[in-house]
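Visitor: Hey, got a minute to go through this one with me? Pull it up and let's talk symmetry, then domains.

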Number of protein chains: 2
Amino acid sequence: MDAVNVGLLGLGTVGGGTATVLLRNAAEIQARLGREIHLYHVAGLNIAAQTIVDPQTTKLTENAFDVVNDPDVQIVVELIGGYTLAKELVLKAIENGKHVVTANKALIATHGPEIMQAATEQGVSVCYEAAVAGGIPIIKAMREGLAANKIQWVAGIINGTGNYILTEMRDKGRDFTEVLAEAQALGYAEADPAFDVEGIDAAHKLTILASLAFGIALQFDKTYTEGISKITPEDVNYAEELGYRIKHLGITRKTDKGIELRVHPTLIPEKRLIANVDGVMNAVLVQADAVGPTLYYGAGAGAEPTASAVVADIIDTVRTIDAPLQHKVPLLGFQHDAMRDTPVLPIDEVVTSYYLRMQAVDKPGVLAEVSETFASNNISIEAVLQKEPTGGENSVHLIMLTQKCIESNVNQAITAVEQLASVQGKVVRIRLEHLGS
Amino acid sequence: MDAVNVGLLGLGTVGGGTATVLLRNAAEIQARLGREIHLYHVAGLNIAAQTIVDPQTTKLTENAFDVVNDPDVQIVVELIGGYTLAKELVLKAIENGKHVVTANKALIATHGPEIMQAATEQGVSVCYEAAVAGGIPIIKAMREGLAANKIQWVAGIINGTGNYILTEMRDKGRDFTEVLAEAQALGYAEADPAFDVEGIDAAHKLTILASLAFGIALQFDKTYTEGISKITPEDVNYAEELGYRIKHLGITRKTDKGIELRVHPTLIPEKRLIANVDGVMNAVLVQADAVGPTLYYGAGAGAEPTASAVVADIIDTVRTIDAPLQHKVPLLGFQHDAMRDTPVLPIDEVVTSYYLRMQAVDKPGVLAEVSETFASNNISIEAVLQKEPTGGENSVHLIMLTQKCIESNVNQAITAVEQLASVQGKVVRIRLEHLGS
């Protein structure tokens, strides 16, 4: 069969990695696919382009529209990133009848509905395996591997920078600001770290996972997002002492009342496999009714790990390039007419457990008073730890783990506790998940 | 579109689970697939069949040939197990132009070539996701998710019974025989436990993984197999003291000289994620050139976890049921004409590290003598631990970890060491893998 012509937009980290993998592993890929993938037209501002691709066999341009408008290109691979230009290019490629592969989580999470609508009308596919958890084939696992299941919840470490920072804080007792500065120097974190450490990047990915899990529309704007910048080494240590680790998780869960969709620091039992995923690595834990828990682990970013997912999408696209739509996996895992409008729960209505830390006067009766305040707000306490804070005089750290409760109830209880004369300052609150089946 | 008619052979644990999942999750599956899967004809000796399926909508028989010869059945699902009858039924189904789904690792590992040849000639598909690691979608990950990569090696905990026994031995200091008896009582292990604890079951699965990884033929007869029955609580403890855990791994690795294909107890560093996979759970770690390491974790057995994989295969089969072969993933991940005849390395030529334990006379100079004997056989020692064995008098346990060496060399060295007057009895030898990238 003829080679399939691929057009590549962007030769940055992921674009360069994709070109490298396509060229280096061309023979292996063809042995699997039975068809040649030709890197036919590449758009990159990068003057180093010619060191990656061969200008004898690949057309080069600095104008990405040359590629999406090239009648000989069959698959457009968008690796520019960002919202505006990327969206315009992807929609133009679809309009021109080309299949699309993208690693752009922000684009899919925010403009996915419009893009998928256009693709469905044109009968072309849009693949985005690389948009979530980099090289881990989690989209394929959820859309296909677990297709026999009702998925109950998903919890993922889906931002490598955040996980690197939390791992360093735990292993070396360092504080957030210091590790972040180092991560920036090492190139792990962007100059503006908000995307990573405030959870926006994770929320983009979680939005996509929730759609695949539950057949709901992509709803980035309804995702609750809380970052890790307020986590202190003290809380990391207390968590450890209680048998937990703090991870920045994206969690989506189907409940009777609606779907939870939330990114926040979370205490999880240290014996869970996902609690032992350290450094820049990613992992996604999926709980489903037939298979139970399954976990998928690997590199969530980087040139070649991301390229691995991009090229897998190209291979899938080539395999069914001339096939009717019913031979292909639906874009979001569910048939368009079977998508559901299950509501997303406001964070106030989420039910989970909590780690609470407060500074209290060190005198008899304080624990009783605090406990009583929680009890009268319907919060049951499961464990208590009392510690002398470094440098604290006449005061103690009181750490409490609650049983499951409604978030609005715990917030009320915290307000009441903060008004006690024996409690100083604000209560630190970190959510806690057991992640059991 | 019309419903697709599925014929099910076997209503035992996995067959019952498959019927249950297909019926319970029918709406979810149809929402994903866009087409109804009709459990049309079921063969089971189980008189409980009628409690699982509805005789109003499903034909029941005690003769499996009724199903494979039913002209209205489009997909035959073989869940009988074993070699002889299962093979006959699968070949008959293929001859009748039906697609096949099976969970039968023994059948695929030993008769796979003949079955796949027949399927290729008939233009039907044979899916076997459930044959390796139960509910974990590892076949899909390797054939499709990692298709952009050259795979370098695969290491898997692919027998839950063995992993349960080793976990109990470590956690509770119990010995092999005691835990095995308990596992049998709990129904985890068969009355004849050889399949599980001697590694035959794992070797079946590893045979399949090696084919998918490297594009080689299924060669169960060339797989080196060593069980866990000789592992003692002492070795488990010494390994722990040195920072390692003992797992029963299936390992396949591509080297310049050929492909390693081996199942044996293995020391692995405790900080590796796969070292923390405990109890009956399975995990497969894949090292590939672009993505690096990825790991897949979940239940490797059980009614519904296995059913999850079986039904995923049915869904995949239905999706491309009328499609030409080039729209489908090749049976073993590589195009038939691109399969390779890379040789499988004999175990003597494998290069790995070793944990060696010997009992030696407790007197000065013994360590030097033993070390010298290893050195003169070109074995470099990386770590040494000397312990007093319980009940030992005038003797010590000498534990050594070697650097990487050729297995035939280490065997020679062991023979030489066993001839030393100061060394008593046999040297215990367990292979050691760092599983780093």
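Visitor: What turn and shift lay chain A on chain B?

Guide: A turn of 180 degrees and a shift of 0.0 Å along the axis, with an RMSD of 0.0 Å. The superposition is by least squares on the C-alpha atoms of residues with pLDDT of at least 70 in both copies. The two copies are therefore related as by a two-fold rotation axis.

Visitor: Which C-alpha of chain A is nearest the axis?

Guide: That of A:Y296, 2.4 Å from the axis. As for the surface, both copies use the same one: 100% of chain A's contact residues recur in chain B. Contact here means C-beta atoms, placed from the backbone, within 7 Å.

Visitor: Any caveats on the model?

Guide: The model is predicted: local features need pLDDT of at least 70, side-chain atom pairs count only at pLDDT 80 or more, and totals for chains, interfaces and linings use all residues. Residues are numbered from 1 along each chain as its sequence is written, while chains are lettered from A and ligands numbered from 1 in the order in which they are written.

Visitor: Switching topic: what are the domains of chain A?

Guide: Domain 1 is 4-135 + 303-338, domain 2 is 138-298 and domain 3 is 348-432; the bounds come from an automatic or database domain assignment.

Visitor: How many residues are in contact between domains 2 and 3 of chain A?

Guide: 14 residues of domain 2 contact 13 of domain 3. The C-alpha centres of these two domains lie 25 Å apart.

Terms used
Two residues are in contact if their C-beta atoms, placed from the backbone, lie within 7 Å.
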